[in-house]
Amino acid sequence: MAPKRFGDLLLVAMAGFILAVAGFLAGAPEAAAADWLSGASQYGNNQDWHGLQSYGQRWTQAEPQNPLAWATLADAYCRLSQPDQAAEAFKKAAALAPGDSRPWEAMSGCYVNAKQFEKAVYALQTAVKIAPNSGRVWLGFATQLQNLATQQQMAAHALVGGALPVQTKKNFEDSAQAYQRALQLGMGDPKEMWTEIGSDYYYALDYIPAMKAYMSALQIDPHYSYALNGLALSNGAIKTQCTSIHVGPRTGDVAVVTKTWTCDAPTTALVHQADGLVAGGS
């Protein structure tokens with residue numbers, strides 16, 4: 001069983017998209033936009049996305065320098081499952097509000113809805129450059145990197161512990177680092193964040209940093225099931241890597257099998273510590 005479920009991450013990303021669009025539209029700096037926003041909200045309340053698209057087009061024609069107009073049009077395109085058209089409109093909104101990362105975050109969420117995670121990651125790379133101290137942006141970036149890596153892993157039919165494409169491994173590792181940055185900025189539940197970090201390293205086949213991350217989660221909650229499961233799986237993988245098996249000459253029908261432990265003292269100590277945490281938390 002995977003330490004974390006792909007579907008859960010997608011739901012989180014979709015929620016992040018809705019919040020990003022709502023936050024951008026709610027930040028209307030001019031009273032003159034109130035009437036336009038009121039009209040847009042009516043289309044939204046009725047879920048009339050074709051109507052909202054036409055309305056957004058009229059608004060952008062009337063106020064081409066208003067980022068809210070372009071964000072409204074982008075939202076309509078996204079609701080109509082036209083992410084590339086939405087992205088073009090979000091880019092125009094972003095150009096008119098260069099210090100605001102939310103159009104890029106919303107663009108990413110639109111691509112997430114379409115399961116185009118590579119484009120979602122690209123949008124959030126830009127958002128991170130604009131808002132490098134935003135825990136929300138780093139969390140979104142980490143989540144989409146993880147989604148992208150998971151999608152790539154599934155497409156490559158790479159089993160856990162088996163061959164992993166180089167770029168997929170890097171995306172998992174970059175996701176782990178982005179989660180750590182989000183955690184440093186005070187974003188998320190620490191035990192859940194450390195578990196996400198552990199999951200990224202586990203799928204990247206980096207079992208020692210995975211174990212350390214899961215242990216950090218278990219220091220907060222010794223009985224946290226996701227972290228316990230991940231630690232047990234990572235610990236088992238390390239034990240396999242550290243065990244050399246030699247099959248000697250057969251004596252009759254019996255072959256002499258010798259197992260030799262090959263890992264260094266720090267790794268051995270980590271394995272013993274993991275054994276204790278798994279036994280104590282189960």
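Start your tour by selecting Cys 242: with a relative accessible area of 0%, this residue is buried. Keep in mind as you click around that this is a predicted model.

**Stop 1: the partner of Cys 242**

Now add Cys 263 to your selection. The two cysteines form a disulfide, and their sulfur atoms sit 1.8 Å apart. If the word is new to you, a disulfide is a covalent bond between the sulfur atoms of two cysteines. Where do Cys 242 and Cys 263 lie? Cys 242 is in the loop between helix H12 (225–241) and E1, while Cys 263 is in the loop between strand E2 (254–261) and helix H13 (265–281), so the pair ties together parts that are 21 residues apart in sequence. Switch on the surface and you'll find that Cys 263 counts as partly exposed, at 26% relative accessibility. Fancy checking the handedness? The torsion about the S-S bond of Cys 242 and Cys 263 is about -85°, so this disulfide is left-handed.

**Stop 2: the other disulfide**

How many disulfides does the structure hold? It holds two. For the other one, select Cys 78 and Cys 110, which are joined S to S at 2.3 Å. This pair links distant parts of the chain, 32 residues apart: Cys 78 belongs to helix H4 (residues 67–79) and Cys 110 to helix H6 (residues 102–113). Is Cys 110 buried or exposed? Both Cys 110 and Cys 78 are buried. Here the torsion about the S-S bond of Cys 78 and Cys 110 is about 125°, so the disulfide is right-handed. Count the bonded cysteines along the chain and the pattern comes out as 1-2, 3-4.

**Stop 3: a patch on the surface**

Next, go to strand E1 (residues 243–251) and pick out Ile 245. Ile 245 counts as exposed because its relative accessibility is 53%, and the cut-off for exposed is over 50%. Add Val 247 and Val 257 to your selection: together with Ile 245 they form a nonpolar patch on the surface, with about 280 Å² of accessible area between them.

**Stop 4: into the core**

Hide the surface and look inside. The largest nonpolar core has 64 residues, and Met 107, Phe 141, Met 211 and Leu 231 touch the most other members. Zoom in on Leu 231. Leaving out residues up to four places away in sequence, Leu 231 touches Met 211, Tyr 214, Met 215, Leu 218, Ala 274, Leu 277 and Val 278. For your last selection, try Ala 40, Trp 49, Leu 52 and Leu 68: they are among the nine residues of another core, which lies apart from the largest one.

Notes: Residues numbered from 1 in each chain as written. Predicted model: local features only at pLDDT ≥ 70, side-chain atom pairs only at ≥ 80, totals over all residues. Heavy atoms only, no water. Patch = residues over 30% accessible without salt bridge, like charges linked within 9 Å, V, L, I, M, F, W, Y side chains within 5 Å. Areas by Shrake-Rupley, 256 points an atom, 1.4 Å probe, with all protein chains shown as cover. Salt bridge = Lys/Arg side-chain N within 4 Å of Asp/Glu carboxyl O. Helix = DSSP H or I, 4+ residues; strand = E, 2+ residues; numbered from the N terminus. Buried < 20%, exposed > 50% of the residue type's maximum accessible area, 1.4 Å probe, protein only. Disulfide = S-S within 2.5 Å. Core = buried A, V, L, I, M, F, W, Y, C linked by side-chain atoms within 4.5 Å. Contact = heavy atoms within 4.5 Å.
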